Every structure is written in C-alpha cells, then in structure tokens.
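Please look through the structure below before reading on. The paragraphs after it go from the whole chain to its metal sites, its salt bridges and one of its sheets.

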Amino acid sequence: MEKSTNINNEQTNFFVLYYEPFGKFLTRDNLVRIQIISFLICSITFANTHAQNQVIIPVTLSGTEFELNLQYGTHQFYSGFDTETMGVNGDILGPTLILNRSDFIEITVNNYLADTTTIHWHGMHVSAANDGGPHTTIAPFSSWNPRFTVLDKAGTYWYHPHLHEKTNLHVSKGIAGFIIVRDSEEAALNLPRTYGVDDFPLVIQTKTFDANKEIVVPSNADTVLMVNATIDAALQVPAQVVRLRLLNGSSQRNFNIGLSGNQSFYQIGSDGGLLSAPNAINRLKLTPGERAEILVDFSSRQGETIYLMSYASAFSSGIYGAASPGIGPGLVLNGYNPNPMNGTDFNIMQFTVASPGSHPVTEIPLTLVDVSPISESSSHITRNLILTPASMGPNSLNGKFLINNVSFDMDVLNYTIPLNNTEIWSITNHSPIAHPFHIHDVQFFILDRNGLPPIAAEQGRKDVVLIHAMETVRFITKFSDFANDSVPYMYHCHMLTHEDDGMMGQFKVVSATSVDSEVEHDDGEAISIYPNPATTRVTISMRQKRIQLKSYKLYNALGQTVLEGNFSSSSEFSFDLKKIPSASYFLVLKSGKQQFIKKITKI
Ligand code: C2O
Ligand code: CU
Ligand code: CU
C-alpha cells in the first residue's frame with residue numbers, strides 16, 4: 001500500500017484525487033476522463049476567491065478479497081499542522097469498497113493500532129459474527145477475517161469502528177469508509193455510476209480541533225466542517241447529471257442539505273438502496289449515520305459555482321445542529337455555543353461546473369426499483385422502546401441517555417428475537433433532544449411518525465431514523481437469515497457521544513426452537529384513554545381483563561416525571577390533570593413485563 005498523500009490547505013492548483021495507483025481500479029477510459037477533468041480543475045482553481053481545497057476522493061478496492069489495515073497517521077487538515085489521525089490503508093478515512101450483490105467476499109482487517117477496536121459494516125445484512133459489533137474485538141496487532149455473501153441491494157453503506165465506549169474516538173480520529181454495493185437492478189438503470197467522474201462519495205463530518213490542531217474527542221464544540229477529510233472542499237463536476245452519495249459521518253451533528261440558489265435535486269436512494277422513484281426536493285435532512293444518494297442536474301450550469309449547503313437555520317429546536325439543541329427553556333449543552341454552525345446556513349462544499357464528459361447522463365429517470373414495504377399486518381410483535389435522560393434538570397441534554405431505563409451492559413441481552421420474526425419497533429423519545437436511532441442486521445420501513453405516514457424521503461429502506469423529542473416513530477422489519485446463540489446485534493443512538501455513554505442495547509436472533517417464552521405483547525388497542533385531549537381529568541380503561549395494569553407515569557417533553565401512581569385492581573381508573581400545565585405528555589402504563597405508551601394532551 002502506498003502512503004496517502006497529504007492535502008495542502010493552501011490553495012492548490014495541482015490535482016489530488018486518488019492516493020492509490022490508478023490503474024488497478026480504473027479502466028483506461030475512466031482514467032482518460034479523469035485526466036481531462038483534472039486539467040479543467042487546474043485551470044479553474046485560480047478563479048476562486050475563497051481558498052478551496054480539492055476534495056479527496058477515496059481510492060476504491062473491488063473484487064472479493066479485501067485487506068484493510070487500521071493504522072495511525074498524520075493528516076494536514078490545516079497547512080503546516082500534522083494532525084494525528086487514524087485511517088484505513090492510509091492516514092485518514094479508508095478505501096471505498098465496491099461490492100457486487102451475491103458475491104462471497106473475504107476481508108482481512110489488520111489492527112496496527114495500540115487500541116483494541118472493531119470494524120462494523122453499517123447497514124449490511126450479515127451474520128452477527130461478521131457484523132463487527134462491540135463483542136467482535138480485534139486486539140492490537142491481530143487480525144479479523146469476516147467472510148460473507150453480499151445480500152444487500154445496490155446502495156451506499158459504510159464501515160466504522162464499534163468498540164464500546166471508543167466508537168467516537170476511533171471514528172473522529174478518522175476511521176470510516178464507504179461501501180458501494182452494485183447489483184443488476186441498479187445496473188439496468190440509466191444512472192451515473194462512474195466513480196470519481198459522475199458518481200462521488202461524500203462523507204460530511206464536523207470535528208473539534210485544539211490550538212495545536214489535534215482532534216478533540218468527545219466535544220460539543222465541533223466548529224470545523226469537512227467533506228472526505230477536506231476542509232473548504234471543492235469538486236469539479238461535469239455539466240451533466242451527477243450522483244452524490246452523501247453520508248453524515250459526524251459524531252453528533254444533523255445537516256439540512258440543500259443547494260445554493262435553492263436548485264432542486266433528486267433523492268434516488270436512502271440508507272438501504274434505491275427508492276421506487278426519484279424524489280424531487282430542495283432540502284434533505286441527514287442525521288448521523290444516515291446516507292442518501294442524490295442526483296444533481298448540472299447540465300445547464302457550465303461555468304457556474306454552486307454550493308452544497310446545510311440550511312440549519314430551518315431546524316427547529318431540539319436537534320443537535322439547531323440554534324437551540326434541546327426543547328424546553330434552560331437546557332444547557334456544554335460547549336455547544338458559540339458555534340457558527342448552530343442554527344445558521346453554511347456551505348458544505350463547492351462545485352465548479354465544467355464541460356460534460358463523453359457519455360453523460362442527461363436525464364433523471366422516471367422510476368427506479370420496486371420497493372415493497374412490509375405490511376403492518378404481518379407483524380408478530382410490537383416492541384416499545386423509550387429514550388430518556390438518566391437525570392433530569394438543566395443538564396439533561398448532556399446525557400447519559402437510557403433506553404427503557406437502562407444503560408448498555410455488554411453482559412445483558414435486551415431482546416431475544418425468533419428468526420424470521422416480523423416486528424414493529426415503536427420508539428418513543430421522552431428526552432429533550434432528537435436521537436438518530438440505528439439498528440444492526442436489518443433494513444426497516446418507517447410506518448409512522450406520531451401516527452403520520454413518512455414523507456417520500458423516508459419511504460425507502462432505512463437503518464437510521466431521527467426520533468425527535470416527544471415523538472414516537474414506528475418501523476417494521478424482518479429478522480431473517482441469520483440466527484446466532486452467542487453473538488448479539490446492536491441497536492443504539494448514532495450520536496456517538498450518546499452511544500459511547502451507553503445509549504445502546506443488544507439482541508440475539510435465535511432459531512425458533514431456542515426462543516424462551518418471554519416475549520412482549522402490545523395490546524395497545526386493548527386500552528382506551530378518554531377524553532384525549534383532556535382538560536381536567538383523564539380516564540383509562542382496559543377492554544381486556546387479562547391486562548393487569550400496575551402503575552402509571554406521566555412524562556413531560558423534558559423527560560421529567562410530572563405524575564405517577566399505582567393502580568387498584570379495577571379495570572378502569574382516572575387521574576387529575578389540573579395541576580399540570582397544558583402540553584403533550586407521554587403516559588407509560590406498566591403491567592409486569594409489559595409496557596404501554598400513550599400520548600396524551602392537556603388543553
Ligand atoms: Cu454505524 Cu452500530 O453503527
Ligand atoms: Cu450499524
Ligand atoms: Cu442520542
């Protein structure tokens with residue numbers, strides 16, 4: 001492997017695109033096109049008034065055998081400063097793995113770090129033993145050899161470390177790479193797919209640097225934005241339809257993606273593959289861990305300079321990235337402000353539009369692939385998960401955060417899921433900040449947000465979903481193909497600070513014969529609450545005798561308990577709302593192992 005080339009933060013007029021030999025990965029044809037584009041970039045850089053840096057495009061690796069070396073390095077984010085980094089086969093980030101669906105692949109991950117770590121294939125459907133979660137550790141100077149068949153649909157996935165309590169450190173220091181899966185369905189469409197020519201992977205991250213330009217982890221003062229480890233990134237694009245594979249690889253920050261001048265673009269893919277049809281939009285929210293593939297039509301824009309932006313001023317409070325990261329007054333997120341990115345609109349990167357290439361895609365397809373969501377009626381079970389801060393008060397934005405009142409414990413299994421179960425996960429956020437919820441093993445379909453069907457951007461296959469404060473998101477998924485009695489899969493918040501702090505749980509998928517009988521049943525329909533909205537008093541009644549409710553708790557938007565009590569044995573009871581302010585609340589009803597969550601509103 002060659003050492004990666006440091007980019008120079010000063011304005012450069014030489015072209016740094018690949019840090020690996022070209023010939024191994026590119027056809028002659030592509031190479032010629034790249035040379036033409038690079039010539040054009042050289043001639044245009046002088047015109048920039050703002051110092052921009054040619055964005056790094058990671059080298060690709062393809063085939064069925066891969067070697068990934070986790071290593072230390074240095075990278076010049078800032079001219080003259082060698083920042084200490086971690087990378088894969090180079091100083092920072094890692095090669096893009098190009099995989100073909102149904103190929104059997106073998107990967108060797110060599111850990112040349114002094115730290116134990118893991119590598120997880122985020123979004124991919126692989127067995128728990130190959131998944132690279134926190135249990136599958138790679139000790140310093142040892143190797144790990146996952147091997148599996150690529151079962152995923154064509155799309156954009158990624159890989160990153162997943163050691164419990166160190167994920168943020170290892171990712172922030174630089175370990176992350178793209179995985180592009182190709183398949184025949186995608187190949188049949190007239191889409192841009194020439195890597196580095198009309199198809200670009202772009203990982204958007206914010207980091208914090210100290211005075212010596214070393215990366216600070218963890219931090220809520222992430223003032224430095226970069227794309228593919230390039231600050232003030234610039235990319236020359238041809239005047240044709242271009243595909244951008246966007247990944248929010250930030251530890252915490254949400255982006256509200258748009259183009260300068262409000263030009264619209266077309267989302268064609270979500271986390272787990274292509275949508276059924278291009279979705280014309282001018283804003284796209286991207287939460288940590290999430291991917292989106294978009295097409296931008298630069299055909300009539302030759303000679304122009306266009307910016308990819310985040311319109312974070314449009315974020316309502318309660319999202320990391322908004323002016324106010326929490327909902328509710330008096331909440332403090334340490335070190336969050338001042339930060340010019342919070343609640344303002346800013347550039348992510350610059351595009352300069354050059355002449356079209358030789359075989360340009362010039363049209364946006366009308367349709368893409370068949371996306372067949374799982375029907376709600378096929379669900380075997382609903383699991384309820386509640387996200388809460390561990391402690392209340394003005395500091396409650398800083399975590400830790402709990403899932404179902406517990407913090408992650410490597411030795412505690414949170415769910416046992418029968419192989420081939422179709423399940424609804426209903427996740428309710430009782431905390432004052434939005435959390436990107438991610439689950440391993442599966443892609444899911446969002447059923448609803450607070451009862452409302454998902455917008456087009458969220459109708460495809462997903463593995464991350466942002467759950468806003470006071471919101472309940474339900475998704476449906478099927479746990480197929482892989483059962484394993486010893487290795488669990490994870491679900492967690494993809495704000496890496498929260499994840500490291502224990503906002504994570506684990507489940508095993510087991511073959512039907514080994515499932516214990518302890519499964520949850522949500523008989524939500526068996527409980528009625530009225531009136532709702534209510535003014536003074538609310539009544540809860542059980543339509544089914546077998547549900548014996550034991551206690552209730554009413555939580556406000558800050559996750560604070562405002563009312564609680566126990567039930568008598570009657571099947572109907574009521575409580576007073578007079579003393580609490582008018583607002584929406586979550587009512588959590590408990591009966592032994594079962595738990596029901598209902599939203600109630602006092603007016
Ligand atoms: Cu992107 Cu469990 O991770
Ligand atoms: Cu994952
Ligand atoms: Cu979180």
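A residue is called buried when its relative accessible area is under 20%, exposed when it is over 50%, and partly exposed in between, with a 1.4 Å probe and protein chains only. The model is a predicted one, in which local features need pLDDT of at least 70 and side-chain atom pairs count only at pLDDT 80 or more, while totals for chains, interfaces and linings use all residues. Residues are numbered from 1 along each chain as its sequence is written, chains are lettered from A and ligands numbered from 1 in the order in which they are written, and side-chain values use heavy atoms, with hydrogens and water left out.

Of the 603 residues in the protein, 61% are buried. The accessible surface comes to about 22200 Å², and carbon and sulfur atoms contribute 50% of it; such areas come from the Shrake-Rupley method with a 1.4 Å probe, and for residues only the protein chains shown count as cover. The protein has four helices and 40 strands. Both are DSSP runs numbered from the N terminus: helices are H or I over at least four residues, and strands are E over at least two. A contact means heavy atoms within 4.5 Å. Among contacts between residues at least 6 apart in sequence, 75% join residues at least 24 apart.

Two copper sites come next. Donors are N, O and S atoms within 2.8 Å of the metal (3.2 Å for Na, K and Ca); water is not among the atoms, so sites may look incomplete. The copper ion listed as ligand 3 has as its protein donors H435 through ND1, C493 through SG and H498 through ND1, at 2.0 to 2.1 Å. Along the sequence these donor residues are spaced H-x57-C-x4-H. H435 belongs to strand β28 (residues 435-439) and C493 to strand β32 (residues 489-493), so this pair, 58 residues apart, links distant parts of the chain. H435 is buried, with a relative accessible area of 1%, and C493 is buried at 2%.

The copper ion listed as ligand 2 is coordinated by NE2 of H120 and NE2 of H438, at 1.9 to 2.0 Å. H120 lies in strand β7 (residues 120-122) and H438 in strand β28, and this pair links parts of the chain that are 318 residues apart. Both H120 and H438 are buried. Strand β28 thus appears at both sites, with H435 at ligand 3 and H438 at ligand 2.

Which charged side chains meet across the fold? A salt bridge is a side-chain nitrogen of Lys or Arg within 4 Å of a carboxyl oxygen of Asp or Glu. A search of the whole structure finds 22 of them. In one, between D199 and R245, the closest N and O atoms are 2.8 Å apart. D199 is part of strand β12 (residues 199-207) and R245 of strand β16 (residues 241-248), so the bridge ties together parts that are 46 residues apart in sequence. D199 and R245 are both buried. Another salt bridge joins E458 to R449, at 2.8 Å from N to O, and these two residues are buried as well.

The salt bridge between K578 and D576 spans 3.6 Å from N to O. Here K578 is exposed, with a relative accessible area of 57%, and D576 is partly exposed at 34%. Elsewhere, salt bridges that share partners join E186, R193, D199, R243, R245 and E293 into one network.

D576 is also a place to turn to a sheet, since strand β38 covers residues 572-576. The sheet is open and has three strands in the order β34-β35-β38, with antiparallel pairing. Two strands pair if DSSP finds at least two bridges between them. Strands of a sheet pair through backbone hydrogen bonds, either parallel or antiparallel. The edge strands, β34 (527-530) and β38 (572-576), each pair on one side only. Neighbouring strands of this sheet are turned by 20 degrees against each other on average, direction ignored; the axes are lines fitted to C-alpha atoms, for helices over the stretch in contact, and angles run from 0 to 180 degrees between N-to-C directions.

A hairpin of six residues joins β34 to β35. Four antiparallel bridges pair β34 with β35 (residues 537-542). Within this pairing, I529 has I540 as its bridge partner, and I527 has M542. On the other side, five bridges join β35 to β38, again antiparallel, and T539 stands opposite S574 in β38. Five of the six residues of β35 are buried, so this strand is largely enclosed by the rest of the structure.
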